[in-house]
Structures are given as C-alpha cells and as structure tokens.
Amino acid sequence: MVKAKLATVLAGLLAVATLIAPAVNATPYQRDVFVRDNVSDVGNEPSTGSIYYSPDIKVCSTPVPCAVSQNPVVGVNNYVFVTLRRKAGAVGNVDGSLHLYRSNLGGGTAWPAGWTYIGTAGSTVPVSGTTVMITWPGWNVPGPAHFCLLARWVSNADPMTFAETSNTQQNAQRNNNIAWRNVDSVRVRPFEPVRVPYTIGNPDRTDARQALILEQPRPFAGAITFDLGQELTARWKAAGGRATGVKQVGETQFQVVDPKARFDGLVLKGDERVETALTFETDRETGPAELHVRQTDAQGVDLGGAQYLINEKD
C-alpha cells in the first residue's frame with residue numbers, strides 16, 4: 001500500500017514537472033534545422049556562449065559568398081548569406097523560409113519593434129544543410145555602416161521551442177532557429193581619432209537598471225573612451241556612480257583603463273534607447289585588437305551588444 005501511494009505521488013510530481021519544464025527541443029533531431037550562435041554551437045536549446053556573433057551569418061559585397069563577413073556598404077545592395085544546418089542523423093528534407101532583419105547599432109533591441117525587415121527566402125534544407133542568400137537592398141542600408149542582423153528560420157516542420165518575447169537575446173539563446181550577428185570593423189590611424197555610436201537599449205516596458213561591460217580579448221594599444229552623454233551620466237551618478245576599470249576624463253567621458261571594465265546602475269526608462277559613443281585613438285601604428293561591449297540586466301542576463309574589430313587585417 002505504501003509503495004503504491006509513493007508511486008502515485010511520484011507519478012503526479014513527474015506530470016507537474018513535465019508541464020512546467022519545456023521540451024529540450026520542439027523538433028525531433030531528424031527534422032531539426034539550426035543556425036549557430038557561435039563556433040561551438042551544436043544546436044542545443046538553450047545554447048551557451050556568445051549570442052550576437054553568429055558565424056553562420058555573413059555580409060558580402062557581391063552575390064558570390066565571401067570568405068569573411070564584411071561591413072555593409074551604405075546605399076548599395078549588399079548580400080547576406082545564412083548557413084542552415086542539420087544535426088547528425090538527420091532524415092529527409094525540411095521546408096521553410098528564412099527571414100532577415102536589421103536593427104540600429106547597439107544592444108537591448110526589443111523584438112519585434114526594434115527590428116526592420118530586410119527580406120525572406122524560401123528554402124528546402126537537405127540533411128547536409130544549405131546556405132541561403134538574401135539581397136539587402138541599398139535603400140534599406142542606412143548609415144552609419146554598422147548593424148545588428150537577425151536571422152529567423154520559420155518552418156511548420158521545425159517550430160520554435162520557446163515562445164518569442166521582447167528580449168531578442170533570450171529568443172536567440174533559447175531557439176536554434178534564431179541567430180544574431182553584430183560586428184563592426186574600426187580602422188584607427190595615428191592622430192586620427194575615430195568616434196562610433198553605440199545605442200544602449202531597454203527591451204522591457206518598465207524602467208530598469210543595467211550594467212554595461214567592456215572587455216578586450218585583444219587589448220588595443222591606444223586609448224578607448226566611452227561617452228555616456230549628459231542624461232545617462234546624471235542618472236548613473238544618482239544611482240551611485242559605480243564603475244570599475246574606467247577613469248573619468250571629461251564631464252561625461254570615461255577612458256577604459258583595464259581589459260575588463262564595467263558601469264553598473266545605468267537607469268533606462270521602459271522601451272528607451274539612448275545613444276552613447278566610443279572613441280578610439282592612438283599616437284602610433286597599432287596591430288589588431290578586439291573590444292566587446294555588452295549589456296546585462298540587474299540579474300546578469302545578457303541583453304546583447306557589439307563586437308569591434310580594430311585594425312583587423314583584410
């Protein structure tokens with residue numbers, strides 16, 4: 001009798017857990033199509049590691065696939081190539097369509113309001129995978145020449161595992177049908193400072209505090225200055241003015257002095273996007289360097305960001 005009751009209780013708990021915990025994947029692996037979030041991504045949901053540097057999304061200046069993704073050219077047609085992959089043991093073809101969007105520079109871009117539609121291409125994905133090209137019309141490529149790109153694979157045979165929310169980063173991490181790429185190349189010459197915008201965004205409808213993190217996997221042999229702007233600086237100071245790895249060098253300007261730096265307690269209003277700026281400068285020739293700028297919410301959840309490749313070799 002005790003064993004029977006215990007079995008009944010366990011069965012009930014298992015049923016509740018099944019209702020609460022979503023399936024590992026909404027699609028059997030034989031029919032699953034995915035786009036990598038990073039080079040280590042094998043299609044698991046949710047994925048791990050960086051989200052907004054997908055190696056399976058490439059921008060090229062011609063309709064011929066290029067070896068390395070390029071910055072889009074403003075005012076002329078660009079061509080975006082997206083690789084659709086299948087898992088080991090895949091069976092048959094999977095039909096669907098690839099939808100491509102672009103955003104303004106920065107992180108915290110809410111879905112779908114923060115994204116502009118570029119185009120769609122239907123595709124049949126064989127077991128070996130395939131690459132789809134979508135033309136990015138010149139009239140849809142505004143300046144400055146830096147954008148987030150979002151690719152969404154939509155298929156009745158391969159639905160999203162998790163319902164999409166306003167948090168684009170979370171959507172991309174949870175669903176292997178969605179991938180994000182955000183890369184900017186910066187050429188810095190001696191005594192010629194380069195200023196590039198970065199928009200800090202709040203994807204939520206309510207006010208929130210965020211952290212802004214700046215990391216240099218390959219440090220820049222020059223000066224990097226971050227300008228929060230007057231309004232955001234005032235809010236940050238009112239919230240306690242907490243930061244590490246930076247030195248204030250102006251009313252709203254902060255020089256990055258450590259390979260890992262951050263601002264905490266940046267207060268953003270609901271759905272707000274605030275433009276800030278980065279300045280790169282040097283007094284001598286420098287080699288390749290790399291800067292990652294990303295936002296997190298108060299709980300440390302990643303909200304997106306940008307990767308700056310400095311003086312990268314062509």
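In this predicted model, D264 is a buried residue, its relative accessible area being 16%. Its partner in a salt bridge is R262, and the closest N and O atoms of the two side chains lie 2.8 Å apart. R262 is partly exposed, at 29% relative accessibility, so the bridge joins a partly exposed arginine to a buried aspartate.

This contact belongs to a wider set, as a search of the whole structure finds 12 salt bridges. Another of them is formed by E164 and R152, with 2.8 Å between the closest N and O atoms. Because E164 sits in the loop between β7 (148-154) and α2 (168-174) while R152 is part of strand β7, this pair ties together parts that are 12 residues apart in sequence. The glutamate is the partly exposed member here: E164 has a relative accessibility of 28%. R152, in contrast, counts as buried, at 10%.

A further salt bridge connects R195 with D227, where the closest N and O atoms are 3.7 Å apart. It links distant parts of the chain, since R195 belongs to strand β9 (residues 194-201) and D227 to strand β11 (residues 223-227), 32 residues apart. The two ends of the bridge have contrasting surroundings: R195 is exposed, with a relative accessible area of 55%, whereas D227 is buried, with 12%. Salt bridges also join into a network, which links R36, D56 and R85.

The strands that carry R195 and D227 lead on to a sheet. Five strands make up this open sheet, in the order β9-β16-β11-β14-β13 and with antiparallel pairing. Its edges are formed by β9 and β13 (246-248); each has a single partner strand, so one side of each is left without a neighbour in the sheet. Direction ignored, neighbouring strands of the sheet are turned by 30 degrees against each other on average. Within the sheet, β11 pairs with strand β14 (residues 253-256) in the antiparallel sense, over three bridges. Along this pairing, F226 stands opposite F254 of β14.

F254 also leads to the aromatic contacts of the model, where the structure holds 11 aromatic pairs. In one of these, the ring centres of W236 and F263 are 5.7 Å apart and the ring planes stand at 75 degrees, so the pair is edge-to-face. W236 lies in helix α3 (residues 230-238) and F263 in strand β15 (residues 260-268), so this contact ties together parts that are 27 residues apart in sequence. Both rings belong to buried residues: W236 has a relative accessibility of 6%, and F263 a relative accessible area of 0%. F263 takes part in a second edge-to-face pair, this time with F254, at 5.3 Å centre to centre and 80 degrees between the planes. F254 and F263 are both buried. Taken together, F263 meets the helix residue W236 as well as F254, and F254 in turn stands opposite F226.

Elsewhere, Y52, Y53, W115 and W180 form one aromatic cluster. What is the relative accessibility of W180? The value is 0%, and W180 therefore counts as buried. This tryptophan has its place in strand β8 (residues 178-186). W180 and A151 are 29 residues apart along the chain, yet 6.4 Å separates their C-alpha atoms. A151 falls within the span given for β7 (148-154), and C148, at the start of that span, is likewise a buried residue, at 0% relative accessibility.

Turning to the remaining cysteines of interest, the structure holds one disulfide. It joins C60 to C66, with an S to S distance of 1.9 Å. The link is left-handed, with -80 degrees about the S-S bond. Both C60 and C66 are buried.

How values were computed
Residues numbered from 1 in each chain as written. Predicted model: local features only at pLDDT ≥ 70, side-chain atom pairs only at ≥ 80, totals over all residues. Heavy atoms only, no water. Salt bridge = Lys/Arg side-chain N within 4 Å of Asp/Glu carboxyl O. Helix = DSSP H or I, 4+ residues; strand = E, 2+ residues; numbered from the N terminus. Buried < 20%, exposed > 50% of the residue type's maximum accessible area, 1.4 Å probe, protein only. Pairing = 2+ DSSP bridges. Axes fitted to C-alpha atoms, helices over the stretch in contact; angles between N-to-C directions. Disulfide = S-S within 2.5 Å. Phe/Tyr/Trp six-rings, centres within 6.5 Å; stacked < 30°, edge-to-face > 60°.
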